[in-house]
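Here is a walk through one protein model, taken piece by piece. Keep the structure open while you read.

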Amino acid sequence: MPIAVDSERGFFRAAHRRLAEALTADQLAEFARLASDGDRFQWLWDQRVAHATPFEFSAMDKDPGQAAQLKGDGNKAFQKGDYRTATRLYTKSLLLMPADSEELAVVHANRSASLYHCGEHHLALQDIQQALALGYPRNLLYKLYDRQARCLLALKQHLAARDAFQRTLTALDDSPLPLDRRRKWQMDVQIMIGMFTKFKDVRDEPLSGAQAGEPKAPPPASRLLQGPHRRQRAHGGAGLVSAALAFQQAPEEDGGRHVTAAGDIKAGDLLLTEQPAVAVLLQERVHTHCFQCMRRLRAPVACPRCSAVLYCGEACRAQAERTHHTVECAVLPLLWSSGASITCLMALRAVSQLPKGAAPSERVMSLVTHADRRQPEDLLHRTHMAVFLTRCLQVSGHAGATGGRLLTLLQLLQFNVHEVSELELKAPKRYDTAASNFVGAALYPTLALFNHSCDPGVVRSFCGTTVVIHAAKGIRPGQPVSENYGFCYSNKPRPERQDALRRQYWFQCHCQACEEDWPLLRDMDMSTVLRFRCDPGGSSSAKCSNVIIVPTDTTNFMAQCGVCKQHTNILKGLKALQDTDSLMKIAQSFLSEGNLADALDRFLKILSLLEETLVPPFKDYTLCQDNIRMCLVALGEDVVVAGTS
């Protein structure tokens, strides 16, 4: 994902222009002769003009008055039965409520009530736990315990619900209710408790992942081929790598570090899961997505100090507090107002999430930077940003000897970062309307080793910030396992792809789709010719890799290869096309019904049939691959329907 050092907005762009104008020609020449990032950083750090960037903080403090107003507005919406609006207003109130406010517990409790009425029982339970932990008023506890019991009952957590009803009964003794109302409530609760005694086998039913608020499991078709790779692990062991992948080291002109197939890979096979070495949420998503895991927010909790960010729950908030946010909290508004791009924020995060003075892992710092190909102006620009980021870390007391590392990070992130996305549909189950939303950016050191192809062999999906890689086609041993950097042969002409890759990634693409100038999907036509594999033995394992072009109106079912001169029986291929036509209709029907698992199973069978006898590019193959990608992504990610979140 190509990202510039800064954007058109913010103060850093103008500050850097002033710096470049202030330096003399001799100074610029001196800077250009420096050979290391550490030397470059120190040289510019010593120039007073490099520190002339604005350093005024626009605080994002809590606002108890506004928080109280939003709480009141939420109460009004709740009384009208507009529970969705009430939930949103209570969330805004929590964002602005000071951490030491007694009202914080009350707002969590109020939001639990609106969530309960929306049927979001597991989210209501999270808010109830927050309210209890924050010291919800003793005289009102009976309402909270009663709601907790009913949420647990709805989730079939019968033992836990019984215990919560018992707590309700006890808490009613402290309630301010009139005697008659209290006795009626106690009687209702005793009836509920009595119901449990009638059943001998009272137990809690297992919660589904969605009910428990857990991330989705990999789709049914996923499987590691031969267990984790013995020599290659994802960052810090945080993930799994299939043994069907081989990691190669070669000169840059021969692909540099890249990945090939160590064994047969089938479409749909799970090849890699990896947690990021560093990940940052887009600024415009901070009030809609979790600042830590990037999942869409439903009943968030806020930072206790600032009103800048939200988290999906206590676990993510605690993790952010243990690592980066205590460092970044005070300087986030400054970073955002500077116009620093997300890669700049990632460079800062790579340092702020570690103990002071600690360095990012060697697997991160060894990724390609292309420093030897950079112009002095580019290096000066990034060095100036490293100075600014170091000053931000100094304000937070977390700088240490980080300047040179920040400069290296700013260079390597340019070429190795991936967009983190979510899938959005314009209408429920309408996967033909699906769009990928850019949520944030992350660095995956293992995934960064995969080369690009305009005909990619894999498809990416995201469980929060964890990336999941599946095979998108069959790959034979020794063949490259490539991903796509955003430029696919089926929807972008070769000249545009080549130009974009040269500008953004600094390389010339030599993938098969580029070398043979494969047509766009809209231009593919199977009405006149078919592309058969040379398969004289009928085993699809012949050494000849030639493609036999056969007119569709041929009456000769034994086609001769122009290379090996052997004959291939094309009846098998024609039969495969007939079989795939009927399978395609079934698969599309499953997809239109939202039955993704069965649709994926059919599409994988179709692709396997096509790959046995025919050679891409052709329309049915490309459409089948697109559908496989869609199913894998939709099965793996939290799908969002526009206008419903």
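## A mixed sheet and the helix across it

Start with strand E8 (residues 417-425) and strand E9 (residues 435-443): they run antiparallel and are joined by eight bridges. If you want one bridge to click on, take Ser421, whose partner in E9 is Phe438. Keep in mind that this is a predicted model.

E8 and E9 belong to an open sheet of four strands, ordered E5-E9-E8-E16, with mixed pairing. Its edge strands are E5 (278-281) and E16 (640-641), and each of these pairs on one side only. Strands of a sheet pair through backbone hydrogen bonds, either parallel or antiparallel. Lying across E8 and E9 is helix H17 (residues 403-416), which runs at about 45 degrees to E8.

## A salt bridge that reaches into E8

Side chains of opposite charge can pair when their charged atoms come close. The structure holds 23 salt bridges. One pair to look up is Arg296 with Glu422, whose side chains meet in a salt bridge at 2.3 Å, N to O. This pair ties together distant parts of the chain: Arg296 sits in the loop between E5 and strand E6 (301-302), Glu422 sits in strand E8, and the two are 126 residues apart.

That loop between E5 and E6 also holds Met294. The phi of Met294 is near 70 degrees, a positive value in a residue other than glycine.

## The antiparallel sheet

Now swing over to another open sheet of four strands, this one in the order E1-E4-E11-E10 with antiparallel pairing. Strand E1 (239-241) and strand E10 (458-463) stand at the edges with a single partner strand each, so one side of each has no neighbour in the sheet. From one strand to the next, the twist averages 25 degrees.

Inside this sheet, strand E4 (residues 270-274) runs antiparallel to E11, and four bridges join them. Which residue in E11 is the bridge partner of Thr273? Look for Val468, which is the E11 partner of Thr273.

This sheet has a helix across it as well: H22 (residues 619-636) lies across E10 and E11, running at about 15 degrees to E10. In the loop between helix H21 (596-613) and H22 you'll find Pro617. The peptide bond from Pro616 to Pro617 is cis, with omega near 10 degrees.

## Tyr485 and its neighbours

After strand E11 (466-471), the loop between E11 and helix H18 (494-505) carries Tyr485. What does Tyr485 touch, leaving aside residues up to four places away in sequence? The list is Phe450, Asn451, His452, Leu501, Tyr505 and Phe507. Take Asn451 from that set: Tyr485 and Asn451 are 34 residues apart in sequence, and their C-alpha atoms are 8.7 Å apart in space.

## Two helix pairs

Two packed helices are described by the angle between their axes and the distance between the axes. Helix H9 (residues 158-171) and helix H10 (residues 179-197) pack at about 155 degrees, with axes 10 Å apart. Angles over 145 degrees count as roughly antiparallel, so that is how H9 and H10 run relative to each other. Their crossing is left-handed. On the H9 side, the contact is made by His158, Ala161, Arg162, Phe165, Gln166, Thr168 and Leu169, which meet Trp185, Gln186, Val189, Gln190, Met192, Ile193 and Phe196 in H10. Sorted by class, this contact has eight nonpolar, five polar and one charged residues. Just before H9, the loop between helix H8 (141-154) and H9 holds Lys156, which has a positive phi of about 60 degrees although it is not a glycine.

The other pair is helix H14 (residues 342-352) with helix H16 (residues 376-395), packed at an angle of about 45 degrees with axes 11 Å apart. H14 and H16 are therefore oblique to each other, and H14 passes H16 in a right-handed crossing. Cys344, Ala347, Leu348, Val351 and Ser352 of H14 make the contact with Met385, Leu389 and Leu393 of H16. By class, these residues divide into seven nonpolar, one polar and no charged.

Notes: Residues numbered from 1 in each chain as written. Predicted model: local features only at pLDDT ≥ 70, side-chain atom pairs only at ≥ 80, totals over all residues. Heavy atoms only, no water. Pairing = 2+ DSSP bridges. Contact = heavy atoms within 4.5 Å. Axes fitted to C-alpha atoms, helices over the stretch in contact; angles between N-to-C directions. Parallel < 35°, antiparallel > 145°, perpendicular 65-115°, else oblique. Left-handed = near helix turned anticlockwise from the far one by under 90°. Nonpolar A, V, L, I, M, F, W, Y, C, P; charged D, E, K, R; others polar. Salt bridge = Lys/Arg side-chain N within 4 Å of Asp/Glu carboxyl O.
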